[in-house]
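Subject: Structure handover and notes

Dear colleague,

I am passing on the structure we spoke about, and my notes follow directly below it. Please read them with the coordinates open beside you.

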Amino acid sequence: MSKKWKIANEKIIESALELEKQLLVNRGIKTEKQKKEFFNPKMEDYEKDFNLSGIAIAKKRILKAIKNQELIIVYGDYDADGICGTAVLYLGLSSLGATVLPYIPHREKEGYGLSEEGLDDAKAQGASLVITVDNGIVAIKQAKYAKKIGLDLIITDHHLPLDKKPDALAIVHSTKMCGTAAGWCLVKKLVTWDLAQELLDLVALATIADMVPLLGVNRVLVKAGLKQMNQTKKVGLLALIKDAGLNLGSIGTYEVGYIIGPRLNAKGRLEHALDALRLLCTKDLEKAKKLAKILSDTNDKKKQLVEDAILEAREMIKISYLGSGMQKKILVLHSKNWIPGIVGLVAGRIAEEYNLPTIAISLGEIESKGSARSIKGVNIVETIRMCSEFLIDVGGHPQAAGFTLETTKIETFKQKLEKTINNIDFEKDGYLEIEAVLNCRQISKKWITEIQ
């Protein structure tokens, strides 16, 4: 489908200085102060963003657990953000002498977020405190269950909350940053600044992998985190960097977003994410090398599965949408050939290709797992929540969401979703943002350097 052009400023730019100014204006940066903060963000300027409500109560309970030698379970997630966040909390609490174990749910067997099964497991191991990272903000029923079985619950998360929040001991929450960063804000108040800095490599990795806009607080975290990553001493990260053919000193957002992040994500998409977590936490070099190789091999397997699924998705669109002449404002695709771990990648690719919000569903016998990716103008998680009568659970962001529903209800869910989205006014064909119009004769290597 065609894209329109949306040009920020049609005036032809003649110099590198003019180009820099235009690129900054496009990002809302107009004053010298804003420009200075953009190019040289400082951690101390964002203390208010790090001082999240709930930290004081959470800190007090954690210190009590350490003093009494209580078992703490860090309950994470199976994507790069959840894995890095679990590692940050595990490493931070371990440094304080805490008795702590990580818990990563299985994508297919348990699904996203807190589950009664996971809480039962924590209780069976003798835990008295559970700390979530990158999940929990919509876990209303699970928080009640935790209280019922005698578990104290601290939630650290960044996803969009419901009107009602879970009844937890403490909630450390921010939608400004990724889940790992929210967890790091808590750890920062418990450990020394030197250790908090050492953990910033994982915060940067998670922020980039979770595709959080690199502005404001995220920009400073990534700047400081990339600096830390390029001098990291974590043997797992070093092994992953080496196995990917990269070198310290040259790791930037591209290397993290397209090479390191996908390897960390792959294991949780296809099998269980524990190996990815083990890699980030291990101090054994030989073990790190083996785990890095496993993650890289799994990533190659994932790529092939995604390519096969994309071909199948395009055929579905050709037959069910384009071939029928039906004009839809959303694509809802499903297949028994797609595993739950890849549907988000399928939805993302198709949404980008067709400029339409897209939902990809992995068909199960009784329950099916869906993932959604959106375009500008459509808050996809809120749109899906409007069809909640068909869903078992749902969570996510304005641009991405995940959900579970009964397989028999897919068709009625699809019909309600199509009807719901028809009432949303957005540019179905999308548009391509043009940042600036340049005089071709003036373009030089210097300009390319300025843009970079």
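By about how much of a helical turn are K289 and E286 separated in helix α15? The two residues are 3 apart within α15, which spans residues 285-322, so about one helical turn lies between them. Please keep in mind throughout that this is a predicted model.

Salt bridges

The side chains of K289 and E286 meet in a salt bridge, with 3.5 Å from N to O. Both partners fall in the partly exposed class, K289 because its relative accessible area is 41%, and E286 because its relative accessibility is 47%. Side chains of opposite charge can pair when their charged atoms come close. A search of the whole structure finds 22 salt bridges, and some of the others link parts of the chain that are distant in sequence, as the next two cases show.

In one of these, R61 pairs with D152, and the closest N and O atoms are 2.7 Å apart. R61 belongs to helix α4 (residues 55-67) and D152 to strand β6 (residues 152-157), so that the pair links distant parts of the chain, 91 residues apart. The two ends of this bridge are covered to unequal degrees: R61 is buried, with a relative accessible area of 10%, whereas D152 is partly exposed, with a relative accessible area of 30%.

In the other, E433 forms a salt bridge with K376, and here the closest N and O atoms are 2.4 Å apart. Because E433 lies in strand β13 (residues 431-434) while K376 lies in the loop between β10 (367-373) and α17 (380-385), the pair ties together parts that are 57 residues apart in sequence. E433 is partly exposed, with a relative accessible area of 48%, and K376 also counts as partly exposed, at 48% relative accessibility.

Salt bridges can also be followed through a group of residues, since K267, E271, D275 and R278 are linked in a network of them.

Aromatic pairs

A pair of aromatic rings is described by the distance of the centres and the angle of the planes. The whole structure holds 6 aromatic pairs according to the search. In one of them, the ring centres of F38 and F39 are 5.3 Å apart and the planes stand at 80°, which makes the pair edge-to-face. F38 is buried, with a relative accessible area of 13%, while F39 is partly exposed, with a relative accessible area of 39%.

The rings of F50 and W184 also make an edge-to-face pair, because their centres are 5.4 Å apart and their planes are at 80°. F50 sits in helix α3 (residues 47-50) and W184 in helix α8 (residues 179-188), so this pair ties together parts that are 134 residues apart in sequence. Both F50 and W184 are buried, and together with W193 they form one aromatic cluster.

A covered helix

Helix α10 (residues 200-209) is mostly covered, with 9 of its 10 residues buried. The buried residues are L200, D201, L202, V203, A204, L205, A206, T207 and I208, a list that includes the acidic residue D201. Just after α10, M211 takes a positive phi of about 55°.

Surface patches

What kind of charge gathers in the surface patch of E116, E117, D120 and D121? The patch is one of negative charge. Its member E116 lies in helix α6 (residues 116-124) and counts as partly exposed, at 41% relative accessibility.

A positive surface patch is formed by K36, K42, K223 and K227. K36 is found in helix α2 (residues 32-39), and because its relative accessibility is 57%, K36 counts as exposed.

There is a nonpolar patch on the surface as well, made up of I443, I448 and I451, which together have about 270 Å² of accessible area. Of these residues, I448 is found in helix α19 (residues 445-451) and is exposed, with a relative accessible area of 52%.

With best regards

Conventions:
Residues numbered from 1 in each chain as written. Predicted model: local features only at pLDDT ≥ 70, side-chain atom pairs only at ≥ 80, totals over all residues. Heavy atoms only, no water. Patch = residues over 30% accessible without salt bridge, like charges linked within 9 Å, V, L, I, M, F, W, Y side chains within 5 Å. Areas by Shrake-Rupley, 256 points an atom, 1.4 Å probe, with all protein chains shown as cover. Salt bridge = Lys/Arg side-chain N within 4 Å of Asp/Glu carboxyl O. Helix = DSSP H or I, 4+ residues; strand = E, 2+ residues; numbered from the N terminus. Buried < 20%, exposed > 50% of the residue type's maximum accessible area, 1.4 Å probe, protein only. Charge placed at Lys NZ, Arg CZ, Asp CG, Glu CD. Phe/Tyr/Trp six-rings, centres within 6.5 Å; stacked < 30°, edge-to-face > 60°.
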